[in-house]
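Me: I'm about to look at a structure I've never seen before, and I'd like to know what backs up the words people use for it. Can we go through it term by term?

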Amino acid sequence: MKKKENKNRICGLFVACILVLNLLCPISGLAAYKPGGMIVFHSYSDYNAGDSRIFLYDFKSDTLKCLSENWKDIVNPMNACFRNDGKALVFMGQNRDGEWDIFQYELGADKPVNITEGNDLDDEDPKYGSKGKYIIFKQSNPSGKGTRIVRYSCSSGKTKVILKGSSEKSMPYYSKNGKKIYYTEGKGRKTSIKALDVKSKEISMLYSKDGVQSYYPITGGNGKYLYFSRGYSKKNRVDQIIRYNLKTGKAKSLKCNSRHFDCSDACYVSSKYIIISSTKSGKEGGYDLYLVNVKSGGMTSLSNFNNHINTPMEELGCDYFES
């Protein structure tokens, strides 16, 4: 009788341990944490396929909507970003001639407004400043060599070149206080993360690893950390998410990272969570969206909140707004 009681007690303890581990490391199943805001992201079969669409998902109401369904004059809309009040988006898309332009969309409006129309240049990678007064983006140089960083004033509608040069400069992102612009410089394996002081125009190198791509810088919250994507090694270009302490200069690889799959496009949710695009096994398509516990590395597919978010397509470029 005692042997049976001991066996039952051991089984009970084993089950309890499993339950605790599932709560601490929500890799699959329902997440222990549910965001309370909204996300915007894009989905396509391939970057060059011209079939990208922009979606909006509200965690509170569990509603998923394709925003770009009736935008007939915009091809390949992607890389959307919320304004600081959550009432508008900025994104990039192509016109019928194949030129990349920047569009601003007030949520609920009939259609977006092209804010770079007719300049005969490619405009990409738009992001709002923290107060929503400016939009910064990458623009092709009129000379045809390299790119530059341009600022658009939402009040006056005027543009100003912030950073010139013949090198490739992309993915600009304002610091929390608006005093610096973080951006990617270079191409392919030779990309690095730099910072531009908006007032002094001084440029500083934040992060570079020889022969390994470092790109897609973003910040959030109190602005203490910068998140970006970096290759695993010279021989393995699988993306890793890196958290960079802007005060100490220390870079940390998050526990969700693996040499076997991509962890890309970090999106800040809170000090404890981010959302990323990953190609880990068990996914719906190539890249799927995951909620990541920054401390433990636990990954929860967003399909656990709504099973239509992740699809056989590629889900990328997520941005979050806490409503």
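Reply: Sure, here are some questions and answers about sheets, buried residues, contacts and salt bridges. Keep in mind that this is a predicted model.

Me: Let's start with asparagine 310. Why is asparagine 310 called buried?

Reply: Buried means under 20% relative accessible area. Asparagine 310 has 2%, so the word fits. You'll find asparagine 310 in the loop between strand S23 (299-301) and strand S24 (314-321).

Me: What makes the link between the side chains of asparagine 310 and serine 303 a polar contact?

Reply: The cut-off for a pair of N or O atoms is 3.5 Å. These two side chains come in at 3.4 Å, so they pass. The side chain of asparagine 310 also reaches the backbone nitrogen of leucine 289, at 2.7 Å.

Me: Which residues is asparagine 310 in contact with, leaving aside neighbours within four places in sequence?

Reply: Among them are Glu284, Asp288, Ser301 and Glu315. To count as a contact, heavy atoms must be within 4.5 Å.

Me: Now asparagine 257. How do you know whether asparagine 257 is buried or exposed?

Reply: Compare its relative accessibility, 14%, with the limit: buried is under 20%, so asparagine 257 counts as buried. This asparagine sits in the loop between strand S19 (251-253) and strand S20 (263-268).

Me: What does the side chain of asparagine 257 reach?

Reply: It reaches the backbone nitrogen of isoleucine 241 at 2.8 Å. There's also a polar contact with the side chain of serine 253, at 2.8 Å. Not counting residues up to four places away in sequence, asparagine 257 touches Gln240, Ile241 and Cys263.

Me: On to charges. How many salt bridges does the structure hold?

Reply: It holds 6. The general idea is that side chains of opposite charge can pair when their charged atoms come close.

Me: What makes arginine 83 and glutamate 106 a salt bridge?

Reply: The nitrogen has to be within 4 Å of a carboxyl oxygen. Here the closest N and O atoms are 3.1 Å apart, so the pair qualifies. This pair links distant parts of the chain, 23 residues apart: arginine 83 is in the loop between S4 and S5, while glutamate 106 is in strand S6 (residues 100-106).

Me: Why is arginine 83 called buried, and why is glutamate 106 called partly exposed?

Reply: Arginine 83 has a relative accessible area of 15%, and under 20% means buried. Glutamate 106 is at 37%, and partly exposed lies between the under 20% of buried and the over 50% of exposed, so that label follows.

Me: What about lysine 138 and glutamate 168: what ties parts of the chain together there?

Reply: Their side chains meet in a salt bridge at 2.9 Å, N to O. Lysine 138 lies in strand S9 (residues 134-140) and glutamate 168 in the loop between strand S11 (159-163) and strand S12 (169-174), so the bridge ties together parts 30 residues apart in sequence. Both lysine 138 and glutamate 168 are buried.

Me: How do you know that lysine 194 and glutamate 185 form a salt bridge?

Reply: Their closest N and O atoms are 3.3 Å apart, and the limit is 4 Å, so they do. Lysine 194 has a relative accessible area of 18% and is buried. Glutamate 185, at 15%, counts as buried too. Elsewhere, salt bridges that share partners join Arg83, Asp85 and Glu106 into one network.

Me: Last topic, sheets. In the sheet S4-S5-S6-S7, why are S4 and S7 said to stand at the edges?

Reply: The 4 strands form an open sheet with antiparallel pairing. Strand S4 (75-82) and strand S7 (113-114) each have a single partner strand, so one side of each is left without a neighbour in the sheet.

Me: How do you know that S4 and strand S5 pair?

Reply: Pairing needs at least two bridges, and S4 and strand S5 (residues 88-94) have 4, so they count as paired, in the antiparallel sense. Within this pairing, methionine 78 stands opposite methionine 92 in S5.

Methods. Residues are numbered from 1 along each chain as its sequence is written. This is a predicted model: local features need pLDDT of at least 70, side-chain atom pairs count only at pLDDT 80 or more; totals for chains, interfaces and linings use all residues. Side-chain values use heavy atoms; hydrogens and water are left out. Buried means under 20% relative accessible area, exposed over 50%, partly exposed in between (1.4 Å probe, protein chains only). A polar contact is a pair of N or O atoms within 3.5 Å; within protein, one must be able to donate a hydrogen and the other to accept it, and residues adjacent in sequence count only if both atoms are side-chain atoms.
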